[in-house]
Amino acid sequence: MAEPQMDPDSTAPGCSYDLLDEPDVCGSSLTTKELQQNWKMLKQRERPVKLLFEIPSTRIVQEHLSKYVVYEVVLMRSGSFDSRRVSVQRRYSDFSRLHQRLQEEFQEEVEELVLPPKLLRGNFCPEKVSGRRLALQDYLAQLFAARCVRHSPLFAGFLSDAEQRRAHELLRAGQFEGAVEQLQTVLEIQEKLLPWQKPTLLVPTLAALAVCYRDLEKPEQALGTAQRALPPVRRYGLKSYRAPLLELLVDLGYQLGRPVAQLQEELRTQRDAERGEVSRRSLKEVVIHEFL
């Protein structure tokens, strides 16, 4: 598996820490167990966080008028408690499209990144498919090693937009179980990317999951998911989400017998502030509109 370099400007675990934070072994009144726990925490903070890519398998898809190779792209974060693996399926044309967009966006900053060339003959020969599989795996590691790329929404979109679109198609069709399955994959990918992406990256996905859980009559899961989305919505001023999210939380709070007075007051204040600025939509309408 190819391993990219650690992001030097990441605020994730692995950043340097002040020596004053180390436990005072000699003069400490902590128990041996507590000292061991402190040392373990410090060691974990030293471990660099890396995003690893692997393309372990391929499959050939034969359709009526076309034939192509699909690559299984696996992501995993090392150096953290998140050791889960999540995978998506991508074609060579997806890699090519990303490469073109990155060149347009960053120009000379990515001029040294080379996409494995398109094969004109023998595309489906096992040896050539295997060679391209490894070459694309190395290409992903090179992309992530470029600071401008790993911080770019284009990179996050390459890894999650197809599943996000599929989830919203299912949501609009009322197939909420299928939508949840796709959205959970998207959320896992976005969580792995979060140290290098905007903190608001998860908001559309969490909002869509909350809507699905509500319509599946799973109020506890809907509430927990909506509560997770609210802090970044507040902090970064996402107006289109704030009032609909608060409205959903108030409704779920009533349904579950939770205190909602503070949420109601915040919702009233938000509605007053938005008067004449933002059309009133439910969270479901906001979510559906997001990917039209």
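**Exercises on a sheet and a helix pair**

V61 stands opposite Y68 in β2. The model is predicted, so local features need pLDDT of at least 70, side-chain atom pairs count only at pLDDT 80 or more, and totals for chains, interfaces and linings use all residues. Residues are numbered from 1 along each chain as its sequence is written, and side-chain values use heavy atoms, without hydrogens and water.

**Exercise 1.** State which strands stand at the edges of the sheet, and why one side of each is left without a neighbour.

*Solution.* Step 1: helices (H or I, at least four residues) and strands (E, at least two) are DSSP runs, numbered from the N terminus. Two strands pair if DSSP finds at least two bridges between them. Step 2: β1 and β2 (residues 67–78) pair in the antiparallel sense over 11 bridges. Step 3: the open sheet has 3 strands in the order β1-β2-β3, with antiparallel pairing. Step 4: β1 (50–62) and β3 (85–91) are the edge strands; each has a single partner strand, so one side of each lacks a neighbour in the sheet.

**Exercise 2.** Describe how α7 and α9 cross.

*Solution.* Step 1: axes are lines fitted to C-alpha atoms, for helices over the stretch in contact (heavy atoms within 4.5 Å), and angles run from 0 to 180 degrees between N-to-C directions. Step 2: the axes of α7 (residues 203–215) and α9 (residues 239–256) come within 12 Å and cross at roughly 30°. Step 3: angles under 35 degrees count as roughly parallel, over 145 as roughly antiparallel, 65 to 115 as roughly perpendicular and the rest as oblique. Step 4: α7 and α9 are therefore roughly parallel to each other. Step 5: residues in the contact include V203 and R214 of α7 and Y241 of α9.
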